[in-house]
Amino acid sequence: MEKYICTVCDWVYDPAIGDPDNGIEPGTSFADLPDDWVCPVCGVGKDEFEPVTEE
C-alpha cells in the first residue's frame, strides 16, 4: 500500500501504521479513509495529500 504526504505540513500517512489516534486501524489504505478524515497535524482534507514518490 502506498504512503501519502500532506502537501501543507509534510505529515505522511502510512497505511501500515494507520492513524490510531483518530480510529484508523493499521492496514487501512488511503483510498479507504473516510471522506471526512483530516490530517492529524494541520487539519486539511484528503484532497491536500499526494502519493509519496520514492527517490
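A residue counts as partly exposed when its relative accessible area lies between the limits for buried, under 20%, and exposed, over 50%. The legends below use these words for a predicted model.

**Figure 1. Overview of the protein chain, with 0 helices and 3 strands.** From the N terminus on, the order of elements is β-β-β. The radius of gyration is 10 Å, close to the 10 Å that the globule rule gives for 55 residues, so the chain is as compact as a globular protein of that length. Along the principal axes, the C-alpha atoms fill a box of roughly 30 × 20 × 15 Å. Of the 55 residues, 31% are buried. The chain exposes about 3,600 Å², and carbon and sulfur atoms supply 46% of this area. Among contacts between residues at least 6 apart in sequence, 45% join residues at least 24 apart.

**Figure 2. The open sheet of 3 strands.** The strand order is 2-1-3, and the pairing is antiparallel. Strand 2 and strand 3 stand at the edges with a single partner strand each, so one side of each has no neighbour in the sheet. Strand 1 and strand 3 pair in the antiparallel sense over 3 bridges. C6 stands opposite F49 of strand 3.

**Figure 3. Surroundings of I5 in strand 1.** I5 has a relative accessible area of 22% and is partly exposed; the cut-off for buried is under 20%. Leaving aside neighbours within four places in sequence, I5 is in contact with D10, W11 and V12, and also with E48, F49, E50 and V52. One of these contacts, F49, is the residue that C6 stands opposite in strand 3. From I5 to P15 the separation is 10 residues in sequence and 12 Å in space, C-alpha to C-alpha.

**Figure 4. The salt bridge between the side chains of D14 and K3.** The structure holds 1 salt bridge. Its N to O distance is 3.8 Å. D14 lies in the loop between strand 2 (12-13) and strand 3 (49-51), and K3 in the segment before strand 1 (4-6), so the pair ties together parts that are 11 residues apart in sequence. How buried or exposed are the two partners? D14 counts as buried at 18% relative accessibility, whereas K3 is partly exposed, with a relative accessible area of 35%.

**Figure 5. The side chain of D14 and the backbone of A16.** D14 is found in the loop between strand 2 and strand 3. Its side chain reaches the backbone nitrogen of A16 at 2.9 Å. The side chain of D14 also takes part in the salt bridge with K3. At 18% relative accessibility, D14 is under the 20% cut-off and therefore counts as buried.

**Figure 6. T28 in the loop between strand 2 and strand 3.** T28 has a relative accessibility of 18% and counts as buried. Which backbone atom does a polar atom of the T28 side chain approach at 2.7 Å? The atom is the backbone oxygen of E25. Not counting residues up to four places away in sequence, T28 touches M1, Y13, P15 and L33. P15, among these contacts of T28, is also the residue whose C-alpha lies 12 Å from that of I5.

Terms used: Residues are numbered from 1 along each chain as its sequence is written. This is a predicted model: local features need pLDDT of at least 70, side-chain atom pairs count only at pLDDT 80 or more; totals for chains, interfaces and linings use all residues. Side-chain values use heavy atoms; hydrogens and water are left out. Helices (H or I, at least four residues) and strands (E, at least two) are DSSP runs, numbered from the N terminus. The radius of gyration is taken over C-alpha atoms; the globule rule is 2.2 Å times the number of residues to the power 0.38. Buried means under 20% relative accessible area, exposed over 50%, partly exposed in between (1.4 Å probe, protein chains only). Contact means heavy atoms within 4.5 Å. Accessible areas come from the Shrake-Rupley method with a 1.4 Å probe; for residues, only the protein chains shown count as cover. A salt bridge is a side-chain nitrogen of Lys or Arg within 4 Å of a carboxyl oxygen of Asp or Glu. A polar contact is a pair of N or O atoms within 3.5 Å; within protein, one must be able to donate a hydrogen and the other to accept it, and residues adjacent in sequence count only if both atoms are side-chain atoms. Two strands pair if DSSP finds at least two bridges between them.
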